2 protein chains.
Amino acid sequence: MRRDIFQAVADPTRRAIIVLIALQAMTPNAIAEHFDTTRQAVSKHLRILTECELVKQEQQGREIYYSLEINKMKEIDKWLEQFRKIWETRFNQLDKVLSTIKKQKK
Amino acid sequence: MRRDIFQAVADPTRRAIIVLIALQAMTPNAIAEHFDTTRQAVSKHLRILTECELVKQEQQGREIYYSLEINKMKEIDKWLEQFRKIWETRFNQLDKVLSTIKKQKK
DNA sequence: TATATTTGCAACCGGTTGGTTTCATAAACA
DNA sequence: TGTTTATGAAACCAACCGGTTGCAAATATA
């Protein structure tokens, strides 16, 4: 069972759930109302999100509130870091080219 | 056929390919040498990456050089933007709490 | 021209995925 | 206590995924 954050985020429904609970905790029932699937399917998604620690639960009576572990999202950001370096360099190089053209026009 | 950048990046081999060709273009054969799979499997991954425009090809005789479409990677960054806002806010709030504690100590 | 090299594509296969229906459990409430 | 409500887990299923082998096409080379 491969279960990492990238695989978790690959599913569009799971991405929508993540966005939904990013700002406020919600129960599975409340979450399911936002989608065109059964509550059980949402429950499965929540299990996957919980397994890779993207989501935390808080029991409140018979209700369970799910909310986003925002810090875990930084792992994606961390992986992107290496590419951010590249595209910033590329941008600077483009900048150089543009200023060279500008100089030549003068 | 669901084919978006998040699904493309979900597979660890594809992520490794992306990193590999981020800085220099490579042929499928050269890429395959870095992995414990057949050239055809790599070819399949390259097809998926091409389909969601994460990768571009450049034919050179009978060889095809694949390189990363670095700009496409920004789409992930764009999606992360909304969470970045949240975790920066949380950090600032934590900062406030810390400075409050500091003041109380005084 | 005959042969070797580089590549993509089709067919197949076992495991995974995302969904459903059904059921069990625990808390709230009449 | 019996019923309703909220939830997770199990069993099942069709579709998909990542891998393989085999083959065809195009280019380079003898």
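The largest nonpolar core of this predicted model holds 54 residues, and A:Leu54, A:Met73, A:Phe83, B:Leu54, B:Met73 and B:Phe83 touch the most other members. A nonpolar core is a set of buried Ala, Val, Leu, Ile, Met, Phe, Trp, Tyr and Cys residues joined through side-chain atoms within 4.5 Å. Buried means under 20% relative accessible area, exposed over 50%, and partly exposed in between (1.4 Å probe, protein chains only). B:Met73 is in contact (heavy atoms within 4.5 Å) with residues of both chains. Neighbours within four places in sequence aside, its partners are B:Ile5, B:Ile18, B:Leu54 and B:Leu68, together with A:Trp79, A:Leu80, A:Phe83 and A:Trp87.

Local features need pLDDT of at least 70, side-chain atom pairs count only at pLDDT 80 or more, and totals for chains, interfaces and linings use all residues. Residues are numbered from 1 along each chain as its sequence is written, chains are lettered from A and ligands numbered from 1 in the order in which they are written, and side-chain values use heavy atoms, without hydrogens and water.

A turn of 180° and a shift of 0.0 Å along the axis lay chain A on chain B with an RMSD of 0.1 Å. The two copies are therefore related as by a two-fold rotation axis. In chain A, the C-alpha of A:Ala10 is nearest the axis, at 2.9 Å. Both copies use the same surface: 100% of the contact residues of chain A recur in chain B. The superposition was by least squares on the C-alpha atoms of residues with pLDDT of at least 70 in both.

DNA strand D has 27 residues around it, counted as near if one heavy atom lies within 4 Å. A:Ser43, A:Tyr66, B:Thr38, B:Lys44 and B:His45 come nearest. Of the strand D atoms within 4 Å of the protein, 64% belong to sugar or phosphate and the rest to bases. Side-chain N or O atoms approach phosphate oxygens of strand D at 2.9 Å for A:Asn29 and at 3.0 Å for B:Arg14. For B:Arg62, the corresponding distance of 3.1 Å is to a base oxygen. By class, the surface near strand D has five nonpolar, 11 polar and 11 charged residues.

Phi of A:Glu53 is near 60°, a positive value in a residue other than glycine. A:Glu53 counts as exposed, because its relative accessibility is 53%. B:Glu53 also has a positive phi, of about 60°. B:Glu53 counts as exposed at 51% relative accessibility.

Definitions and conventions:
Polar contact = N/O pair within 3.5 Å; in protein donor to acceptor, adjacent residues only side chain to side chain. Nonpolar A, V, L, I, M, F, W, Y, C, P; charged D, E, K, R; others polar.
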